[in-house]
Amino acid sequence: MASRQELRERQEEPEHPLRATDEDVEVEREQGAPEPAELDPETKERRDAAMRVIRRFGDPVLRASAVPVDRFDEGLQVELARMGELMHDALGIGLAATQLGVLHRTLVFRTDLEEPITALVNPVLEWQSEELEVAEEGCLSLPGVHVEVERPASVRVRAQDPDGKELTLEAEGLQARVIQHEIDHLDGVLILDRISRQARKEAMRAMREAREEESAA
Ligand code: ZN
């Protein structure tokens, strides 16, 4: 999932309904502080490099279903570490393996910069609240797209950690949203599938414009 920072950069209206688990900077800006300065050149360069390896809309791998992981070997550790690094460099808050063209049921997320990155292997949504919440989402695979998505407000996820140990995680708010967004990726589902036809049309236009801007730059 794209970062809130990125959402903020591109939004005309600084107000949006995401809340909680923010890093301090975000909280500051929530209270109407001015937009941050442009990314420093090094951060921007790292971000551009990460964005080049993240698969984009139109790549069929984003529509594929990932397969469960059954080998918790060194290869998996390397893969998860790389996912975490790329997510960090791309200034994202979540990344699924399919976004790198890897058909493994693995994802990483971090909704609070103070916290370490969490990697989930073979995540399964065990429970989703009846209470729904609408909030804006972006996606590293859909540059330029920011859409309101309705999802269950809280979830319980069963998964394995990078060593294969079973774990259960309860999440709400932004964290619940990111986890659901990334699990969707593992099933070939994109935020475009969770919005109205009209919103999808607008999203496609935004994506086209972002692409044109990029090639003009
Ligand atoms: Zn995404």
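In this predicted model, five strands form an open sheet in the order β1-β2-β3-β6-β7. The pairing is antiparallel. β1 and β7 (166-172) are the edge strands, each pairing on one side only. Neighbouring strands of the sheet are turned against each other by 40 degrees on average, direction ignored. In general, the strands of a sheet pair through backbone hydrogen bonds, either parallel or antiparallel.

The pairings can be followed across the sheet from β1. Three bridges link β1 and β2 in the antiparallel sense. Leucine 95 has valine 108 in β2 as its bridge partner. Strand β2 (residues 106-109) is joined in turn to strand β3 (residues 118-128) by four bridges, and these two strands run antiparallel. Here leucine 107 stands opposite leucine 120 in β3. β3 also pairs with strand β6 (residues 154-160), through five bridges and again in the antiparallel sense. Glutamine 128 faces valine 155 of β6 in this pairing.

The sheet is set within a chain of six helices and seven strands. From the N terminus, the order of elements is α-α-α-α-β-β-β-β-β-β-β-α-α. Of the 217 residues, 30% count as buried. Among contacts with a separation of 6 or more, 69% are between residues 24 or more positions apart.

Helix α4 lies across β1, β2 and β3. Its direction is at about 40 degrees to β2. α4 also contributes to the largest nonpolar core, which has 37 residues. Within this core, Met83, Leu95, Leu107, Val108, Cys139 and Ile179 touch the most other members. The elements giving two or more residues to the core are α4, β1, β2, β3, β6 and α5 (173-186). The largest share, six residues, comes from α5.

Leucine 107 is one of the core residues that touch the most other members. Its contacts, leaving aside neighbours within four places in sequence, include Gly94, Leu95, Ala96 and Ala97. Leu120 and Pro123 are also in contact with leucine 107. So are Glu182, Ile183 and Leu186. Leu120 is thus both a contact of leucine 107 and the residue opposite leucine 107 in β3. Leu95, another contact of leucine 107, is likewise listed among the core residues touching the most other members.

Alanine 90 is placed in the loop between α4 (74-89) and β1 (94-96). This residue counts as buried because 23 other C-beta atoms lie within 10 Å, where 20 or more are required. Not counting residues up to four places away in sequence, alanine 90 touches Arg47, Ala50, Met51, Ile54 and Leu140. The C-alpha atom of alanine 90 is also separated by 8.1 Å from that of alanine 2, although the two residues are 88 residues apart along the chain.

Helix α3 covers residues 41-53. Its 13 residues reach 19 Å from the first C-alpha to the last. This span is close to the 18 Å expected at 1.5 Å a residue. α3 is hardly covered, and the count of buried residues among its 13 is zero. Arg47, Ala50 and Met51 are nevertheless among the residues touched by alanine 90.

How values were computed. Residues are numbered from 1 along each chain as its sequence is written. This is a predicted model: local features need pLDDT of at least 70, side-chain atom pairs count only at pLDDT 80 or more; totals for chains, interfaces and linings use all residues. A residue is buried if 20 or more other C-beta atoms lie within 10 Å of its own, exposed if 12 or fewer, and partly exposed in between; C-beta atoms are placed from the backbone. Two residues are in contact if their C-beta atoms, placed from the backbone, lie within 7 Å. Two strands pair if DSSP finds at least two bridges between them. Axes are lines fitted to C-alpha atoms, for helices over the stretch in contact, and angles run from 0 to 180 degrees between N-to-C directions. The expected span of a helix is 1.5 Å times one less than its number of residues. A nonpolar core is a set of buried Ala, Val, Leu, Ile, Met, Phe, Trp, Tyr and Cys residues joined through C-beta atoms within 7 Å.
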